[in-house]
Structure formats: C-alpha cells, structure tokens
Amino acid sequence: MTTAAPPTQISVNERNFRPQTLGDFIGQRQLKQTMQLMLYSAKTRKATLEHVAFFGGPGLGKTTLAAIIAHEANSRLHEIAAPSIGRPGDLASALTMLQPNDILFLDEIHALKRDSAETLYSAMEDFKVSIKLSKDSDPITMKVHPFTLIGSTTDFGLLPGPMRARFGHSFHLQPYTLDELVQIIERAAEKMGFFTEEEALQAIARRSRGTPRVALRLLRRCVDVAISSDEDFIDTELVEATMPILGLDALGLEEADRQYLAALIEIYRGGPAGLGAIAANAGLDMSTAKNIVEPALLLMGLVARTPRGRRVTRAGHKHHQTFAQSAASVNWNRIEAADQAAN
C-alpha cells in the first residue's frame, strides 16, 4: 500500500505527472543510458548536443523526453508540430529565432513537407538556411545559431533518407513492462493524493497496452469513481468496477479491438487475412486498424503477422471465447431481471 495526502490536498497541477530528469524517468533503460552519455559528453566538450530522433507508438514518452533533455542540458525548448508548418519560410523563421544551444522539438516530423525538409537539412548540418522571398528571386542564405533538433515520429520509415542520416542517434521507444507501468501509476496516484494497493495497480497496468499515457488515463477514471463514492483508496474492487464503464475487458480491449478480433475469427476462421479485409468487415477505417488496434493486439500476443496475412493466436481464440461467454451471461442475466420485473 502507498501512503499519500488526502484528496482535499490535491495540487491544481495534478494533471502533469511528467518527470523532470532522466533519473526520475521510468522505463527505456538503454535509451536513458545512451542519452546520459551524450549529454555528459556535450557538457564536457562545451558543445551543442547532437540531433536525435525518437520513434515509437503514441504515448510512450517522446515529448516528455524532449522536455527532460532540455532541462538536463540547461536549454530552452521550442515545440512545433511539423504538420503545422505550411511553407519553408515558416520553418526558416522559427530556426532563425533560436538562441545558441536551444532545442527545437519537431513533433510528427515525418509529416514535414518536402520543401520544408530540404530547408531543414542545411540547418541541421551547416547551421544555415536558404529561402526565396519570391518565386523569381535569388535565394537568401541566413545563419542560425547552433541548436539541437529532436525529431519525434510514430513512423520512422517515412522519414527521407537524408534526414535520417543527419541525426546523431535515433532511439526506438519500446512498450513498457507491467512493473514499469505499475511504478508510473503508483507515483501518479501519490501525487493525486490517493492510497492504492498493489493488485489494483497491476489491474490498471494490464489494461494499459504497454503505454504510460493509457495507464494514466485509466487511473484518472478510477479516481473519478473513487471521488464519486467519497473514497480515497483505489483497490481492486474499484478498478474492476470502473473498467466496464469504460468499455474495457480484462485485457483492456475496447470495442474496436474486439470487432477486429471477432471479424478475423468468425469471418476468416482465424486467418490468414489481409488488414484491409479485416478492417472492412470489422467496420473500422484502415488508419484506426493499422495504427491503434493492430499494434495492441500484436503486443498482447492475440494476433500474429505472417507472410500470408494476419492470424489469430491461441491466446486470441481463448480471449474471444471467454469474452463471448461473459457477454452472453450478462445478457441472459438482464433478460431474467426484466422477466422478474414484468411479473
């Protein structure tokens, strides 16, 4: 059990659970070791930190790590969403405003348009940018202060080769282990002023898809239920009562996940089948099926990719059957209750 302040003492900044240092950051052990070496070397040489890229699924901590690196390097952090950059001049303007050793964090950098990406190449390598003020004018070259670019993307393969080559190091953020997620949830619960038990923390972590962002979202919903019941203790019973309200089953699957699994099992007899066909029969758009649903099912070992298509694993069959039986039982209980009420 963890100790914490009572709910009446919750900070107004309770939504911000992000750590401030690499030492406080939970998970991604190899990334932290390499990053600490790079930071120490840059400080010792009094040099600008090399450009780095973070890639991996959403919610794994890319933005948090960028803020930590800026804090550790005593640098200012500038955040820009790459899709918001319309013209090369917009990017050039942002680059020329950077001060020495500032850090520019470009989120979803794979969405940067080609002409803007080409403007970025010379800035990354030579700390200068060239832009045209008009279509027929000669390019104007401007110097920019030495800076560090941190590129964040959910799809590293979409980055152009010249951009990938200009990063000093590229880090692949891995899904978090159950123990790591438990630590993250426990720390957040303490900051929010709630007592917890180990089994409850594990119940939340199991449904978190290996992702801290999901884990913290589920914790907040448990806190909502606890507050509505005037409780300051999150136990297993409360967690198990909260999850059905959110439409989550024992593994944390949502309705879209179960639709994917059901389509693959009931229509294609477990596979193999292509992603497009599964998505169409499950009533899902391709982007949702590819980027949200399938990664979670693969991570949980419920679905496997094969050269011929997707297949349901033994664990996937078992979970589908268990959930179907549970749903049928709930529906039958509702019918009996309705009959009793009518009589």
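Three helices each supply at least two residues to the lining of the largest pocket: helix 8 (212-228), helix 10 (255-267) and helix 12 (286-299). The model is a predicted one. Helix 12 gives the most to this lining, with nine residues.

The largest pocket holds about 910 Å³ of space. It is lined by 32 residues, and the closest to its centre are Gly57, Pro58, Asn291, Ile292 and Pro295. By character, the lining splits into 14 nonpolar, 10 polar and eight charged residues.

Now follow helix 12 itself. It has a kink of about 40° at Val293, shortly before the proline Pro295. What do its end C-alpha atoms say about its span? They are 19 Å apart, which agrees with the 20 Å that 14 residues should span at 1.5 Å a residue.

Helix 12 also has a buried set: Ala289, Val293, Glu294, Ala296 and Leu297. Val293 thus appears twice, as the site of the kink and as a buried residue. An α-helix has 3.6 residues a turn, so residues three or four places apart point the same way. The buried residues of helix 12 pack against helix 10, helix 11 (275-282), strand 10 (303-306) and strand 11 (309-312). Helix 10 is also one of the helices that supply the pocket lining.

Turn next to helix 2 (residues 62-72), where Leu65 lies. Is Leu65 buried or exposed? It is buried, because its relative accessible area is 0%, and buried means under 20%. Beyond its neighbours within four places in sequence, Leu65 is in contact with Leu22, Phe25, Leu31, Phe54 and Leu173. Thr21 is 44 residues away from Leu65 along the chain, yet their C-alpha atoms are separated by 8.7 Å.

Conventions
Residues are numbered from 1 along each chain as its sequence is written. This is a predicted model: local features need pLDDT of at least 70, side-chain atom pairs count only at pLDDT 80 or more; totals for chains, interfaces and linings use all residues. Side-chain values use heavy atoms; hydrogens and water are left out. Helices (H or I, at least four residues) and strands (E, at least two) are DSSP runs, numbered from the N terminus. Buried means under 20% relative accessible area, exposed over 50%, partly exposed in between (1.4 Å probe, protein chains only). Contact means heavy atoms within 4.5 Å. On a 1 Å grid over the protein atoms alone, a cavity is a set of points where a 1.4 Å probe fits but cannot get out, and a pocket is an open set with protein on both sides within 12 Å along at least five of seven lines; lining residues have an atom within 4 Å of a point. Grid points are joined across faces, edges and corners, and a volume is the space filled by probe spheres set on the points. Ala, Val, Leu, Ile, Met, Phe, Trp, Tyr, Cys and Pro count as nonpolar, Asp, Glu, Lys and Arg as charged, and the others, Gly among them, as polar. The expected span of a helix is 1.5 Å times one less than its number of residues. The bend at a residue is the angle between axes fitted to the seven residues ending there and the seven starting there.
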